[in-house]
Amino acid sequence: RAGGRMEERMSEYTVRALSPDTWDGFAGLAERHNGVFGGCWCTYFHTMHSEKTFDADDNRSLKRRLVEEGRAHAALVYDGHEAVAWCEYGSPEELPNIYHRKQYEEELDVVPDYRITCIFVDRRYRRKGLSAFALQGALDLIAEADGGVVEGYPHDTQGKKKSVLYSGTRTLFERAGFTFVRTKGPGNCVMR
């Protein structure tokens, strides 16, 4: 919402890049939510299915190693000293495992410089606009890294409620300036 209390509240949040220095904030957020989605630790898009161990401890170790190597990127939203949301982004090489990949590759017209693959908000902070804040934080960090073509693969809910929206909604991306490119699998789309 423009003006008023929401704008005042948003000014209290800050965005920091995921790095070894912010690992504890990211880890705290993931740990408060069962490693998020049953122990994924936001590694699903980093690895192909054959490389997965489906073990929360292994996923945590993998994510930490990728962060230390500079191969995992996210905008972390902080409320004070506590991370309360994130938006994962990276190059296609860094995040190769997207849903409906076969269809995506068959219809590929432009290889993006960056992908946005996951947006997550602490359950205590939902319905406060933090998905949009995290998405904008990721776009700002991408711009600081010289920018380029950015794609997201959100759910196209067509106004219907869904319980799990790990990659945001088409509306969220439209509000952030993305353009609809095409559908991708049942219920998802490519936004650029």
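This is a stop-by-stop tour of a predicted model, with selections to make in the viewer.

**Stop 1: helix α2**

Select residues 23-31, which form α2. Colour the helix by burial. Seven positions should stand out as buried: Trp23, Gly25, Phe26, Ala27, Gly28, Leu29 and Ala30. That is 7 of the 9 residues of α2, so the helix is largely enclosed by the rest of the structure. Now show what surrounds the helix. The cover over the buried residues of α2 includes α3, β2, β3 and β4.

**Stop 2: α2 against α3**

Add residues 56-68, helix α3. Look at the two axes. They lie 12 Å apart, and the helices pack at an angle of about 155°. Roughly antiparallel is the label for α2 and α3, because the angle is over 145 degrees. The crossing of α2 past α3 is right-handed.

Which residues make the contact between α2 and α3? On the α2 side, pick Trp23, Phe26, Ala27 and Glu31. On the α3 side, pick Arg60, Lys63, Arg64 and Val67. The contact residues of α2 and α3 split into 4 nonpolar and 4 charged, with no polar ones.

**Stop 3: the loop before α2**

Step back to Thr22. This residue sits in the loop between β1 (13-17) and α2. Buried or exposed? Thr22 counts as buried, because its relative accessibility is 2%. Display its contacts beyond four places in sequence: Arg16, Ala17, Leu76 and Tyr78.

Continue to Glu12, in the loop between α1 (4-10) and β1. Glu12 is partly exposed, at 47% relative accessible area. Draw a distance from its C-alpha to that of Gly80. The two C-alpha atoms are separated by 7.7 Å, with these positions 68 residues apart along the chain.

**Stop 4: the largest nonpolar core**

Hide the loops and show Ile116, Leu130, Leu135, Phe173 and Phe178. Within the largest nonpolar core, which has 25 residues, these five touch the most other members. Next, trace the elements that feed this core. Each of the following supplies at least two residues:

- strands β2 (73-79), β3 (82-90), β4 (114-121) and β7 (189-191)
- helices α5 (130-144) and α6 (170-175)

Which element gives the most to this core? Helix α5 does, with 7 residues.

Centre the view on Leu135. Ignore its neighbours within four places in sequence. What remains in contact with Leu135 is Cys87, Ile116, Ile119, Leu172, Phe173, Ala176 and Phe178.

Then switch to the second core, which is separate and has 23 residues. Val36, Leu66, Trp86 and Cys118 are among them.

**Stop 5: two positive phi angles**

Finish with two backbone checks. Select Cys42, in the loop between α2 and α3. Its phi is near 55°, a positive value in a residue other than glycine. Cys42 is buried, with a relative accessible area of 6%.

Now select His100, in the loop between β3 and α4 (101-106). What is the phi of His100? The angle is positive, about 60°, although His100 is not a glycine. Buried or partly exposed? At 30% relative accessibility, His100 counts as partly exposed.

Conventions: Residues are numbered from 1 along each chain as its sequence is written. This is a predicted model: local features need pLDDT of at least 70, side-chain atom pairs count only at pLDDT 80 or more; totals for chains, interfaces and linings use all residues. Side-chain values use heavy atoms; hydrogens and water are left out. Axes are lines fitted to C-alpha atoms, for helices over the stretch in contact, and angles run from 0 to 180 degrees between N-to-C directions. Helices (H or I, at least four residues) and strands (E, at least two) are DSSP runs, numbered from the N terminus. Angles under 35 degrees count as roughly parallel, over 145 as roughly antiparallel, 65 to 115 as roughly perpendicular and the rest as oblique. A crossing is left-handed if the near helix is turned anticlockwise from the far one by less than a right angle, and right-handed if clockwise. Contact means heavy atoms within 4.5 Å. Ala, Val, Leu, Ile, Met, Phe, Trp, Tyr, Cys and Pro count as nonpolar, Asp, Glu, Lys and Arg as charged, and the others, Gly among them, as polar. A nonpolar core is a set of buried Ala, Val, Leu, Ile, Met, Phe, Trp, Tyr and Cys residues joined through side-chain atoms within 4.5 Å. Buried means under 20% relative accessible area, exposed over 50%, partly exposed in between (1.4 Å probe, protein chains only).
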